[in-house]
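Me: I'd like a close look at one helix and the residue that sits in it, with a bit of the surroundings. Can you walk me through it slowly?

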Amino acid sequence: MKPKHQRLALLGLGALGLAGAAALVLTAFEDNLVFFQTPTELATKSVAPNQRLRIGGLVQEGSLVKQGSDVRFVVTDLSHSIPVTYRGLLPDLFREGQGVVAEGRFQDGTFAASEVLAKHDENYMPPEVVEALKKSGEWQRTTGK
Amino acid sequence: MIAEFGHFALTLALAVAVVQSTLPLIGAARGDAGLMALAPAGAMAQFGLVALAFGALMHAYIVSDFSLAAVAQNSHTAKPMLYKIAGTWGNHEGSMLLWALILALYGAAVAAFGGNLRDTLKARVIAVQGAIGFGILAFILFTSNPFARLESAPFDGQSLNPLLQDPGLAFHPPLLYLGYVGLSTTFSFAVAALIEGKVDAAWARWVRPWTLAAWGFLTAGITLGSWWAYYELGWGGWWFWDPVENASFMPWLAATALLHSAIVAEKRDALKAWTVFLAIVAFALSLLGTFLVRSGVLTSVHAFASDPTRGVYILLFLVVTVGAAFVLFAWRGPTLAGTGRFDPVSREGALLINNFGLTVAAASILLGTLYPLFLDVLGAGKVSVGAPYFQRVFIPMMVPMLLIMAVAPMLSWRSANAGRAVASLKWAGVIAFAVGFGVWLSIDRASALASFGMALAAWVFAATVYELATRSRTWRGLLRQPRVSWGMTLAHAGIAIAVAGMTASSAWKVEDIRVMKPGETTEISGYQITFTNVVDLRGPNYTAMRGTFEVRSGGAAVTTLQPEKRIYDVGRMPTTEAAIRPTVLGDLYAVIGDPDGQGGYVVRLYFNPLVAWMWTGALIMVLGAGLSLSDRRARATRPLDASAQAAA
């Protein structure tokens with residue numbers, strides 16, 4: 001092959017590879033983009049059933065009920081709240097009154113979490129939770145800032 | 001007093017960096033040997049000064065000098081000595097100082113081992129290294145001073161996050177930084193070459209060992225981090241596609257690509273502009289990683305002590321450094337056209353595909369990692385891109401890569417006969433099919449995908465061994481193989497072993513979460529596990545609840561697993577200590593959770609098949625990098641002799 005043809009062949013292959021990669025990325029994006037909603041947002045708009053999403057807020061004081069490895073608790077942004085169920089071991093730093101992010105879907109009005117996000121640092125507040133508290137206007141009350 | 005001394009040393013280092021980053025450049029432009037000679041001296045001085053500052057900070061941690069804000073916030077008198085020392089870099093300020101120290105170390109290493117470099121190139125490389133040092137030192141001194149004093153010293157500190165009080169994580173940051181920051185050297189080489197407007201075989205040969213060193217450390221650092229996550233977080237998983245993990249994985253992919261393209265630049269005088277470009281991109285991704293980790297802009301489970309305001313400085317630094325390099329590249333890049341011509345089917349062609357695949361994979365991970373940030377900045381809502389995205393994108397991209405990786409070393413330079421190369425690997429193909437079918441038939445839960453993954457691992461491994469065998473022909477030939485080529489063989493074999501481990505541990509992991517009372521027995525993967533008792537005990541700086549599980553297999557006692565749940569005295573923070581029994585075939589993994597109030601405990605049991613293969617494979621890759629580095633041939637400036645040329 002002449003150098004010019006070789007270059008064309010390489011470019012063609014490259015374009016083909018890129019197109020394949022782009023298709024892969026786009027289809028994977030469509031299915032795996034998980035939106036974050038605050039309890040207040042969820043109270044005002046409806047969510048398609050079985051839509052996978054993330055919710056965040058504080059674990060309401062006194063709401064944690066454990067039955068074996070089944071756990072129920074309530075996530076609140078202090079103006080609205082959502083009941084959550086979860087099966088499994090909770091992260092070490094999961095506590096009432098602390099910030100939490102849960103991923104899952106709604107089933108009959110309760111949020112069935114498949115994942116409760118663990119933080120490695122107890123002073124750390126997930127940015128989403130800060131956002132949720134700011135949106136509900138409760139941020140200043142919880143932090144005193 | 002020692003802290004002030006450290007602070008002073010750091011300030012001096014900043015002044016040295018100003019000299020180191022300017023005068024040698026002027027010297028190189030004017031051909032002034034005196035000014036150029038300032039470069040190695042400056043690099044040595046900078047390393048000495050930053051090392052003094054780092055030593056002063058470490059001293060403050062060892063003697064628990066709580067008049068320093070950083071020490072008071074992150075240390076405690078009751079902490080074991082290892083973690084007092086490791087605490088030096090277990091927080092924002094200290095970890096940035098470690099960054100600066102390693103940067104200065106690489107600068108000094110270029111000064112020390114770069115004796116055979118062209119004078120102008122050496123002066124310029126060290127000057128660029130000095131400029132990066134200036135940016136980082138200014139960042140530390142003006143926004144993150146580790147030597148800041150408190151007005152009144154507290155009686156005791158707030159201690160280090162207990163999850164970090166672990167030998168694995170004590171050494172994870174230094175290793176990772178040796179990798180991450182090591183890529184600054186290849187960046188400096190790239191920028192220096194652009195200033196000179198000259199990229200030749202000698203340049204490519206100088207760059208390779210630095211890339212290799214950085215790549216080896218990065219591999220080791222990522223592996224150690226993943227291993228830590230596996231045994232310390234108690235989820236039984238080893239990779240979560242978390243932003244912080246991706247931040248270290250992207251530079252690794254870029255460094256791997258660079259390692260391969262530098263070979264083509266050296267041996268065939270082709271892909272030169274691309275190699276320079278990759279060197280810039282690899283360091284850009286390192287800086288981006290530093291930004292993502294230190295700023296905490298993305299929700300990550302691994303975000304420690306992050307601070308968004310200081311993140312802005314790192315972002316600015318990233319934009320200026322990398323922006324300047326790209327402008328230089330746009331200006332000088334077109335002059336770097338290579339002379340080497342090659343057919344699409346050739347060793348060069350295969351290495352090009354390698355680079356293409358790794359770059360596209362890194363780009364798609366970058367997209368998935370940064371996408372939530374873009375949407376957030378645009379005010380389009382908070383989203384997260386979950387692990388399934390990365391799996392669905394990354395794994396299919398790696399399949400053709402692994403298929404070709406087995407064949408590539410069999411191809412000749414310039415122009416190759418692909419059909420003959422594949423045909424010569426027929427036995428590797430037979431082995432791969434046998435493994436794939438064997439897995440498919442013998443394991444009940446064998447999915448087509450997992451069987452294919454195991455076959456792919458077998459294919460790469462068998463082909464790598466076959467390639468070594470044809471290259472050495474006899475046993476004596478095997479011993480005479482140069483260490484550089486052993487490096488390639490080991491790295492490829494390591495990948496194959498790691499792929500087998502990743503596939504098996506993802507596909508056939510057995511998880512059992514249940515409530516058990518002492519005395520009860522359960523079964524997992526052929527092991528009978530009896531929960532004997534729970535005792536409370538006292539550690540050096542924590543109290544723990546320890547469960548004991550007797551493990552039996554077919555009536556014979558196998559082992560005793562003792563997972564713990566610890567509560568650290570300071571901060572009352574709980575952590576989970578998993579108990580693991582590693583074997584070649586798989587790890588038995590037990591975690592004990594909270595009591596349920598009725599005499600039972602939540603217990604998590606896992607069987608993770610072949611998970612040890614992953615760490616072993618990664619270690620073999622690191623060993624390969626070490627062997628390659630130890631070969632003088634990899635570092636020599638004279639042209640390689642013919643036999644090594646053919647081998648490598």
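Reply: First, a term: a residue is buried if 20 or more other C-beta atoms (placed from the backbone) lie within 10 Å of its own, exposed if 12 or fewer, and partly exposed in between. Also, this is a predicted model, where local features need pLDDT of at least 70 and side-chain atom pairs count only at pLDDT 80 or more, while totals for chains, interfaces and linings use all residues. Residues count from 1 along each chain as its sequence is written, while chains are lettered from A and ligands numbered from 1 in the order in which they are written.

Now for our residue, B:Lys426, which belongs to helix α17 of chain B, spanning residues 426-442. (Helices are DSSP runs of H or I with at least four residues, numbered from the N terminus.) B:Lys426 is exposed because just 10 other C-beta atoms lie within 10 Å. From B:Lys426 to B:Ala463 you'd count 37 residues along the sequence, yet their C-alpha atoms are 9.1 Å apart in space.

Zooming out, an automatic or database assignment sets the domain bounds, and chain B is split into domain 1 (1-165), domain 2 (413-508) and domain 3 (510-610). Between the C-alpha centres of domains 1 and 2 of chain B there are 44 Å.

For another helix in chain B, try α3, residues 38-62: its 25 residues should span 36 Å at 1.5 Å a residue, and the end C-alpha atoms are 35 Å apart, which agrees. (That expected span is 1.5 Å times one less than the number of residues.) Just past α3 of chain B, B:Ser64 has a positive phi of about 55°.

Notes
Helix = DSSP H or I, 4+ residues; strand = E, 2+ residues; numbered from the N terminus.
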